[in-house]
Amino acid sequence: MSEKLAIHGGEPVRTRPFPSGKKVGKDELKELVDVIDSGQLFRWGGTKVSTFEKEFADLLGTKYAVASTSGTSALHVAVGMVDPAPGDEIITAPITDIGSIIPIVYQTAIPVFADIDPRTFNMDPVDIEKKISPRTKAIMVVHLFGNPCDMDAIMAISRHHGIPVIEDCSQAHLSEHKGRYVGTIGDIGTFSFQMSKQLTAGDGGVTVTDRSDYGKRGMLFADKGWHRAQFGAREYTLLGLNYRMNELTGAVVLAQTRRARDIIGARRKNGDLLTELVQDAPNITPQRTLPQCKTGYWQYGMAVGKASPFTADQFVEALGAEGIGCGAHYIGKPIFLCHGAIRDQVMFGGSRFPFDHPGARPTQYAAGVCPVTEDVLNRMVTLSVTEFLGEEDIQDMATAVNKVAKGLS
Ligand SMILES: Cc1ncc(COP(=O)(O)O)c(C=O)c1O
């Protein structure tokens with residue numbers, strides 16, 4: 001006999017609120033005071049942004065880091081590094097934030113979507129390879145919720161076809177793939193420091209690479225193409241934007257970078273414990289992490305089974321009644337259907353450019369393009385396992401997940 005669910009009038013598993021904490025404190029304040037005392041808020045002349053770039057690159061083990069204003073700008077810098085021509089294609093993920101897609105179209109390239117693996121929720125290497133065309137300029141993978149993609153298979157495809165890989169690690173700070181941090185396995189890695197991310201400055205971003213040509217180009221791209229080493233008359237050497245991080249943001253991300261291992265370590269401990277405790281829950285499966293990989297649990301993803309007698313919405317409602325806040329469906333539908341202008345290919349000044357650029361291959365964004373993604377989003381449930389939770393909190397979450405899964409089955 002299963003226990004009476006709270007949604008049916010039973011006792012809820014949890015009545016106390018879950019602990020929440022402040023992501024910033026005295027470490028950030030100390031760095032910020034330095035900046036205010038110095039009077040220098042601009043990165044060229046200050047020290048915090050450049051120190052952050054150096055320490056973040058050292059932490060990951062990469063040669064170059066280019067700080068910027070957001071995860072979106074960090075991805076735009078990455079796309080600027082590979083420098084697509086109008087109508088070139090970049091293969092990317094259908095489950096992501098729109099910040100992965102906007103830089104591709106703003107750089108006049110065309111996003112092409114590879115379907116996902118239903119267990120990892122990440123891009124399926126087999127479908128990536130199917131989507132390669134003579135116009136493919138890059139593969140942009142997204143480590144969804146911090147869960148590393150199948151980088152062995154993806155890098156094999158990349159090297160076989162001579163196509164660079166951009167890793168969107170906006171949700172995957174210090175996630176590991178076979179002993180290496182994500183963002184250092186492909187040719188370029190990008191990170192977001194938006195407020196909800198594991199490391200944050202409210203907003204901010206960084207792009208990392210080992211390639212000196214990309215590193216130099218990225219620094220120029222984020223600084224209006226300005227070749228600052230040049231004395232005398234100004235020289236702008238490429239078309240770029242102003243994505244410069246300022247010293248106040250640099251101060252905060254520097255302090256966060258120095259605490260990164262502790263923050264991600266605490267989240268990982270919590271998420272891994274939850275996985276262990278819910279392994280026997282019927283009709284519900286946690287997002288699969290590949291062997292020898294470690295996620296940082298930006299979100300804790302699960303999927304209701306295909307043949308489950310309950311839906312993701314019913315599961316979330318029942319879990320909510322047990323005192324566990326969670327969400328169903330994440331972005332709801334593939335990202336190309338979430339954004340009207342991209343879905344309908346209505347771009348600059350109402351034109352279809354770059355979709356109608358001579359030589360561009362016809363692309364359609366419609367239901368059915370990524371059927372596995374649609375199915376998984378229908379069944380997806382997300383929980384939050386932050387660094388502020390302790391073992392008892394995770395035990396309560398697991399008790400509720402097991403109780404609800406049994407009760408609804
Ligand atoms: C996977 C992914 N890519 C890109 C972005 C864009 O980052 P930002 O919001 O910092 O511009 C985000 C953040 O929401 C993200 O989660």
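## A walk from the sheet to the ligand

Start by selecting Y300: this residue stands opposite L383 in β14. Strands and helices here are DSSP runs numbered from the N terminus, with at least two residues (E) for a strand and at least four (H or I) for a helix. You're looking at a predicted model, where local features need pLDDT of at least 70 and side-chain atom pairs count only at pLDDT 80 or more, while totals for chains, interfaces and linings use all residues. Residues are numbered from 1 along each chain as its sequence is written, and side-chain values use heavy atoms, leaving out hydrogens and water.

**Stop one: the sheet**

Now select residues 300-304, which make up strand β12, and residues 380-383, which make up β14. These two pair in the antiparallel sense over 4 bridges; strands count as paired if DSSP finds at least two bridges between them. Click on M302 and you'll find its bridge partner in β14, V381.

Next, add β10, which is joined to β12 by 3 bridges and also runs antiparallel to it. Here T285 stands opposite A303 of β12. Zoom out, and you can trace an open sheet of 4 strands in the order β10-β12-β14-β13, with antiparallel pairing. The edge strands, each pairing on one side only, are β10 (284-286) and β13 (327-328).

Is β12 buried or exposed? 5 of the 5 residues of β12 are buried, so this strand is largely enclosed by the rest of the structure. Buried means under 20% relative accessible area, exposed means over 50%, and partly exposed is in between (1.4 Å probe, protein chains only). Colour Y300, M302 and V304 on one side of β12 and G301 and A303 on the other, and you'll see both faces covered.

**Stop two: the nonpolar core**

Select L274 and F315, the two that touch the most other members of the largest nonpolar core, which has 28 residues. Such a core is a set of buried Ala, Val, Leu, Ile, Met, Phe, Trp, Tyr and Cys residues joined through side-chain atoms within 4.5 Å. Show α8 (247-277), β12, α9 (312-321), β14 and α13 (391-408) too, since each supplies at least two residues of this core. The largest share, 7 residues, comes from α13. In soluble globular proteins, nonpolar side chains tend to be buried together.

**Stop three: the ligand**

Now centre on the ligand. Which residues come nearest? Of the 15 around the ligand, they are G71, T72, D168, S192 and K197; a residue counts as near if one of its heavy atoms lies within 4 Å. Helix α3 (residues 71-82) gives the largest share of this shell, 3 residues.

Try these distances in your viewer:

- T72: a polar side-chain atom lies 2.5 Å from an oxygen atom of the ligand.
- S192: an N or O atom in the side chain is 2.7 Å from a ligand oxygen atom.
- S170: a polar side-chain atom lies 3.3 Å from a nitrogen atom of the ligand.

The protein covers 91% of the 390 Å² of accessible area that the ligand has on its own (Shrake-Rupley method, 1.4 Å probe).

**Last stop: G205 and L174**

From S170, jump to G205: they are 35 residues apart in sequence and 8.3 Å apart in space, C-alpha to C-alpha. G205 sits in strand β9 (residues 205-209) and is buried, with a relative accessible area of 0%.

Finish at L174, in the loop between β5 (165-168) and β6 (176-177). L174 is buried, with a relative accessible area of 6%.

Key
Polar contact = N/O pair within 3.5 Å; in protein donor to acceptor, adjacent residues only side chain to side chain.
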